[in-house]
Amino acid sequence: MALTDYDELDKRIIELLCRSSQGSYRQIAKQLGVHPTTLIQRVKALESKGVINGYRASIDYARLGFDYMGIVSVSADAYAIKEIAGIPQVVSVFEVTGDSDCMAWIACEDREEFSAVVKRIASLDGVRRTSTSVIMGVEKDPFEFVPPILGERSRLSQLSKKERAMRPCVSPASEMRVNADRGGRPLRSSWS
């Protein structure tokens with residue numbers, strides 16, 4: 001299915017639930033200006049189509065003590081990638097193109113655990129090469145992503161191919177902040 005298969009209300013429901021799924025159907029329906037029964041039917045339809053796959057709390061990993069996070073780029077066979085996904089400290093595994101086959105986001109409580117997880121990944125059968133980057137700070141939490149289905153992207157899709165090509169391409173620069181007071185160690189960062 002494509003974005004065009006969903007009407008404005010579906011898109012507003014998705015956007016609102018991405019921002020916060022807390023609240024009763026009655027409260028959410030009031031925010032959207034629809035009857036609760038309409039909202040329930042729409043949400044159930046989005047769930048049955050697989051658009052909504054569940055609801056979860058936003059957790060601040062740093063406040064739980066997971067101060068050492070990193071991204072491990074891995075060149076590996078498919079079965080090794082599945083093993084990496086099974087490691088408890090692995091938050092996510094992304095299959096990617098380029099020099100690596102996947103990237104594993106890991107979260108650990110201390111340097112020793114971080115080192116042990118990286119070494120465990122590197123020692124798995126089928127892993128040919130790894131490259132690790134320590135996360136120094138988080139500018140935008142990936143779990144805060146709200147699809148731009150009501151904003152700029154939707155307007156751009158309505159433009160002709162020529163009009164889209166004429167628009168300037170703007171790429172936001174992201175800066176990594178290093179806390180000099182902590183000697184360059186990973187920052188405690190809010191993940192919520």
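Two strands are taken as paired if DSSP finds at least two bridges between them. With that in mind, the sheet of this predicted model is a good place to start, and one pair of residues serves as a first landmark: Phe-94 has Met-103 in E3 as its bridge partner. Strand E2, residues 90-95, and E3 pair in the antiparallel sense, with five bridges between them. The hairpin of E2 and E3 has six residues between the strands, and there Gly-98 adopts a positive phi near 105°.

Stepping back to the whole chain, seven helices and four strands are found. Along the sequence they are arranged in the pattern α-α-α-β-α-β-β-α-β-α-α. Of the 192 residues in the chain, 32% are buried. Among contacts with a separation of 6 or more, 68% link residues 24 or more positions apart.

The four strands make an open sheet in the order E2-E3-E1-E4, and the pairing is antiparallel. E2 and strand E4 (127-134) are the edge strands, each pairing on one side only. From one strand to the next, the twist averages 20°. As is general for sheets, strands pair through backbone hydrogen bonds, either parallel or antiparallel. Here E1 and E3 run antiparallel and are joined by seven bridges, with Val-74 standing opposite Cys-102 in E3. E1 also pairs with E4, again in the antiparallel sense and over seven bridges; in this case Val-72 has Thr-132 in E4 as its bridge partner.

The sheet leads naturally to the nonpolar interior. The largest nonpolar core contains 19 residues, and Val-72, Val-74, Ile-84, Ile-106 and Ile-121 are those with the most contacts inside it. Two or more residues come from each of strand E1 (68-76), helix H4 (78-85), strand E3 (102-108) and helix H5 (111-123). Ile-106 illustrates the packing well: leaving aside residues up to four places away in sequence, its contacts include Tyr-68, Met-69, Gly-70 and Val-72, along with Gln-89, Val-90 and Val-91, and also Phe-114, Val-117, Val-118 and Ile-121. A second, separate core has 14 residues, among them Ile-14, Leu-16, Leu-46 and Ile-52. E3 itself is mostly covered, with six of its seven residues buried. In soluble globular proteins, nonpolar side chains tend to be buried together.

Turning to the helices, the axes of H2 (residues 25-32) and H3 (residues 36-48) come within 8 Å and cross at roughly 100°. H2 is therefore roughly perpendicular to H3, since angles of 65 to 115 degrees fall in that class. On the H2 side, the contact is formed by Tyr-25, Arg-26, Ile-28, Ala-29 and Leu-32, which meet Pro-36, Leu-39, Ile-40, Val-43 and Lys-44 in H3. Eight of the residues in this contact are nonpolar, none are polar and two are charged.

One further residue deserves a look. Asp-60 lies in the loop between H3 and E1. Its relative accessibility is 9%, so Asp-60 counts as buried, the cut-off being under 20%. Asp-60 and Asp-141 are 81 residues apart along the chain, yet their C-alpha atoms are separated by 9.9 Å.

Technical notes
Residues numbered from 1 in each chain as written. Predicted model: local features only at pLDDT ≥ 70, side-chain atom pairs only at ≥ 80, totals over all residues. Heavy atoms only, no water. Axes fitted to C-alpha atoms, helices over the stretch in contact; angles between N-to-C directions. Parallel < 35°, antiparallel > 145°, perpendicular 65-115°, else oblique. Contact = heavy atoms within 4.5 Å. Nonpolar A, V, L, I, M, F, W, Y, C, P; charged D, E, K, R; others polar. Core = buried A, V, L, I, M, F, W, Y, C linked by side-chain atoms within 4.5 Å. Buried < 20%, exposed > 50% of the residue type's maximum accessible area, 1.4 Å probe, protein only.
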